[in-house]
Amino acid sequence: MWNRYLEVRGLTESLCQPLAIEDYVIQTMPDVSPPKWHLAHTSWFFENFLLVPHLPAYQPFHPEFGYLFNSYYETVGSFHPRTHRGLLSRPTVEEVYDYRSHVNRFMGELVASVDAGQWHVIAPLITLGFHHEQQHQELLLTDIKHIFAMNPLRPAYRSADVANAEPIVPFQWLGYHGGIRQIGHNSDEFAFDNEMPRHRVYLENYRLAARLVTNGEYLEFIEAGGYGKAEYWLSAGWQAVQTQHWQTPLYWERHDGRWSLMTLSGMRELVTAEPVSHISYYEADAYARWAGKRLPTEAEWENAATQIPVAGNLLESGILHPTAITADACLPAQMFGDVWEWTQSPYTPYPGYQPGAGSLGEYNGKFMCNQMTLRGGSCVTSASHLRASYRNFFPPETRWQFSGLRLTEDA
């Protein structure tokens, strides 16, 4: 476990290596946190939930860091407003890295000093801590992309790769029988509390698209005037289109009749065979209505994904961008990686769900309102962090994540 801890902590810092010192402090919108904040918050998590309560005589690195880097844990104490994270020139980036080293050193002391009787308490907290940090690695990359996209210079986080020019794989449907099924986490391996308890659901027969919707297919929706026709949109979605002036997915641009989009490698020409990304739930739902289909429920998605290994275009590929599938891909394709897939399921507790005791009970449970569930991970999600039962969630207007869609229809 200690080696896994060091691996995850080291990856976070590796992801920051391409950054200039000025990049660490930028906050381009309330949902985005500066890279410096991610580095510090993930360290605060281990300090607050492990070192302070479990390492005798431990002294926090700085008495005010708890206020600055607590994210939303009301039971822990007050915290700096989320919208003001980009106003903090201090602590410096160097001090934040010193903070990470400090926490790592004392976490090593904690692990070395824990006896067998206490290990059953400490081990789950360490595991939760590095899975929490993996969530922030993904947020770190999506936030960096937004930060760079707001810069007129459109800088590249990493060197440009060759765009995938694969032809669009023909659309196919895969059929699934209905009946009583079980969903939810079902092993002794780690899972977040919102993936449990495992429970029964009833499914009607349905058909699931064998791949994700592509840029080229979504472009047809745009060219058909989809953003200007209220009949395809939920009421709140239509309001978002009007007030936020949406006309395309986030990061799309058109110059001299040619489409391009911002990537972590800078601006590049739109590839029609790649999965459409950076769309809100409202846009995913509107496209599905326009196509005469619908989004899957999370139970339908999980039922299809349960027998599929967690493999695909994930963080480990190093591509950091959704890619087109090839004609010989195993179907259903792209269930894991590329883009998070919006489902039509609201993010609510499973039957019998109980949040954990203490402050960590705030981790997931208090967000189970006004959000929609996404499944499958993206091109910036670690493979070791994913499962078929993994539930991500965001408000329906969210677009800065790598989020796309897969169509479904009743059989």
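# Exercises on a predicted model

An open sheet of 3 strands, paired antiparallel, has the order β5-β6-β7. The structure is a predicted model, and the exercises below begin with this sheet.

**Exercise 1.** Determine which strands stand at the edges of the sheet β5-β6-β7, and how the strands are joined and turned.

*Solution.* Step 1. The strands β5 and β7 (266-269) stand at the edges; each has a single partner strand, so one side of each is left without a neighbour in the sheet.
Step 2. On average, neighbouring strands here are turned by 35° against each other, direction ignored.
Step 3. Between β6 and β7, which run antiparallel, there are 4 bridges. Thr263 has Gly266 in β7 as its bridge partner.
Step 4. For background, strands of a sheet pair through backbone hydrogen bonds, either parallel or antiparallel.

**Exercise 2.** Establish whether helix α6 (residues 215-223) is enclosed or not, and what covers its buried residues.

*Solution.* Step 1. A residue is called buried when its relative accessible area is under 20%.
Step 2. In α6, the residues that meet this criterion are Asn215, Gly216, Glu217, Tyr218, Leu219, Phe221 and Ile222.
Step 3. Because 7 of the 9 residues of α6 are buried, the helix is largely enclosed by the rest of the structure.
Step 4. The cover over these buried residues includes the strands β5 (252-255) and β6 (258-263), together with helix α8 (281-290). The strands β5 and β6 also belong to the sheet of Exercise 1.
Step 5. Just after α6, Gly225 takes a positive phi of about 80°.

**Exercise 3.** Describe the sheet that contains β1, β4 and β12, and locate the helix that lies across these strands.

*Solution.* Step 1. The strands form an open sheet of 3 strands in the order β1-β4-β12, with antiparallel pairing.
Step 2. At the edges are β1 (173-176) and β12 (408-410), each pairing on one side only.
Step 3. Neighbouring strands of this sheet are turned by 25° against each other on average, direction ignored.
Step 4. Strand β4 is joined to β1 by 4 bridges, and β4 (residues 206-209) is joined to β12 by 3 bridges.
Step 5. Arg207 takes part on both sides: Gly175 has Arg207 in β4 as its bridge partner, while Arg207 has Glu409 in β12 as its partner.
Step 6. Helix α9 (residues 298-305) lies across β1, β4 and β12, and runs at about 75° to β4.

**Exercise 4.** Characterise the largest pocket by its volume, its lining and the elements that supply that lining.

*Solution.* Step 1. The volume of the largest pocket is about 810 Å³.
Step 2. Its lining has 34 residues, and those closest to the centre are Tyr72, Arg82, Leu139, Phe393 and Phe394.
Step 3. The lining divides into 14 nonpolar, 14 polar and 6 charged residues.
Step 4. At least two lining residues each come from α2 (35-54), α5 (116-149) and β10 (392-394). The largest share, 6 residues, is supplied by α5.

**Exercise 5.** Decide whether Leu39 is buried or exposed, and identify the residues with which Leu39 is in contact.

*Solution.* Step 1. Leu39 has its place in helix α2.
Step 2. With a relative accessible area of 0%, Leu39 is buried.
Step 3. Apart from neighbours within four places in sequence, Leu39 is in contact with Thr12, Glu13, Cys16, Tyr24, Val96, Tyr97 and Arg100.
Step 4. Leu39 and Phe69 are 30 residues apart along the chain, and their C-alpha atoms are separated by 9.5 Å.

Definitions and conventions. Residues are numbered from 1 along each chain as its sequence is written. This is a predicted model: local features need pLDDT of at least 70, side-chain atom pairs count only at pLDDT 80 or more; totals for chains, interfaces and linings use all residues. Side-chain values use heavy atoms; hydrogens and water are left out. Two strands pair if DSSP finds at least two bridges between them. Axes are lines fitted to C-alpha atoms, for helices over the stretch in contact, and angles run from 0 to 180 degrees between N-to-C directions. Contact means heavy atoms within 4.5 Å. On a 1 Å grid over the protein atoms alone, a cavity is a set of points where a 1.4 Å probe fits but cannot get out, and a pocket is an open set with protein on both sides within 12 Å along at least five of seven lines; lining residues have an atom within 4 Å of a point. Grid points are joined across faces, edges and corners, and a volume is the space filled by probe spheres set on the points. Ala, Val, Leu, Ile, Met, Phe, Trp, Tyr, Cys and Pro count as nonpolar, Asp, Glu, Lys and Arg as charged, and the others, Gly among them, as polar. Buried means under 20% relative accessible area, exposed over 50%, partly exposed in between (1.4 Å probe, protein chains only).
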